[in-house]
Amino acid sequence: MINQHTQELINKGEMLPLMEDFYTIQGEGFHTGKAAYFIRIGGCDVGCHWCDVKESWNAKLHPPTKTDAIVENAKKYANTVVITGGEPLMWNLDYITNALHQSNVKTHIETSGAYKISGKWNWICLSPKKTKLPLNDIYIVANELKIIVYNKNDFKFAEEQASKVSKNCELFLQPEWSNREKMTPLIVDYVMKNPNWKISLQTHKYLNIP
Ligand SMILES: C[S@@+](CC[C@H](N)C(=O)[O-])C[C@H]1O[C@@H](n2cnc3c(N)ncnc32)[C@H](O)[C@@H]1O
Ligand SMILES: Nc1nc2[nH]cc(C(=O)O)c2c(=O)[nH]1
Ligand code: SF4
Ligand SMILES: [Mg+2]
């Protein structure tokens, strides 16, 4: 059980349930290929059956960690941090993004958008899920829309979601990893017919890096 003091620090974002943090290369989407420090915060109830980090879902398994300590460590490695999860917007991210900006570190987020937005972001990657749709406010501020394509119905979902984002938002279709052999050729074909979309591959998995 978390005591009341710890709970208050979590509410203010001064502690976060850290699952893991690591220096790697952004494998997906617009910033693919860029070195970045990843901070993975535990907790998610969106329930994607193909989620590649199901170990993140139960926040109780991930110890509340002082945000200052996470930031002190991150800034040794990179000028860009990617905050992911789990679903990072389940937590108050104002404190961590302020602290990162004070150290001149750029803040990127990977989110389903299913929770209220907090934090100040240099880049927002929105990856909507049918099981728990994004809240309205995030569509207009998303820099990148990344739809995971598990089956053919996901192309229709992608167009519905694209109709909600700003006209400057970058549009990506990413094959669901376990179904990539089937869906990648369909995405290739779709992008050639609809060049407002680009393909995103999980390049870190091909490179065997985190
Ligand atoms: C693990 S999620 C964490 C952040 C947030 N919960 C979200 O879904 O955006 C990070 C990214 O991986 C994508 N992803 C998760 N499982 C995947 C899979 N099996 N194949 C392809 N992409 C996947 C998500 O859609 C998201 O863009
Ligand atoms: N290299 C690498 N790039 C990523 N881009 C988004 C990731 C995520 O899990 O949020 C991820 C990840 O887990 N590893
Ligand atoms: S929203 Fe993200 S972390 Fe949550 S289940 Fe879906 S892919 Fe996994
Ligand atoms: Mg990942």
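These are my notebook entries on a ligand shell and some backbone features in a predicted model.

**Entry on ligand 3.** I began with the surroundings of ligand 3 and listed C44, V46, G47, C48, C51 and V53, followed by S56, G85, G86, E87, S112 and K129, as the residues around it. When I sorted this shell by residue class, I counted five nonpolar residues and five polar ones, with two charged residues making up the rest.

**Entry on the G85 to G86 peptide bond.** I then turned to two glycines of that shell, G85 and G86, and found that the peptide bond from G85 to G86 is cis, with omega near 20°. I placed G86 in the loop that runs between β4 (80-85) and α3 (94-102). I noted this bond since most peptide bonds are trans.

**Entry on N104.** Going through the backbone angles, I kept in mind that most residues other than glycine have a negative phi. For N104, which is not a glycine, I read a positive phi, near 60°. I located N104 in the loop between α3 and β5 (106-111). I recorded N104 as exposed, because 8 other C-beta atoms lie within 10 Å, and the cut-off for exposed is 12 or fewer.

**Entry on N208.** I also looked up N208, where phi is positive at about 55° although the residue is not a glycine. N208 belongs to the segment after α6 (203-207). Is N208 buried or exposed? I entered N208 as exposed, because 6 other C-beta atoms are found within 10 Å.

Key: Residues numbered from 1 in each chain as written. Chains lettered and ligands numbered in written order. Predicted model: local features only at pLDDT ≥ 70, side-chain atom pairs only at ≥ 80, totals over all residues. Near = placed C-beta within 6 Å. Nonpolar A, V, L, I, M, F, W, Y, C, P; charged D, E, K, R; others polar. Helix = DSSP H or I, 4+ residues; strand = E, 2+ residues; numbered from the N terminus. Buried ≥ 20, exposed ≤ 12 C-beta atoms within 10 Å, placed from the backbone.
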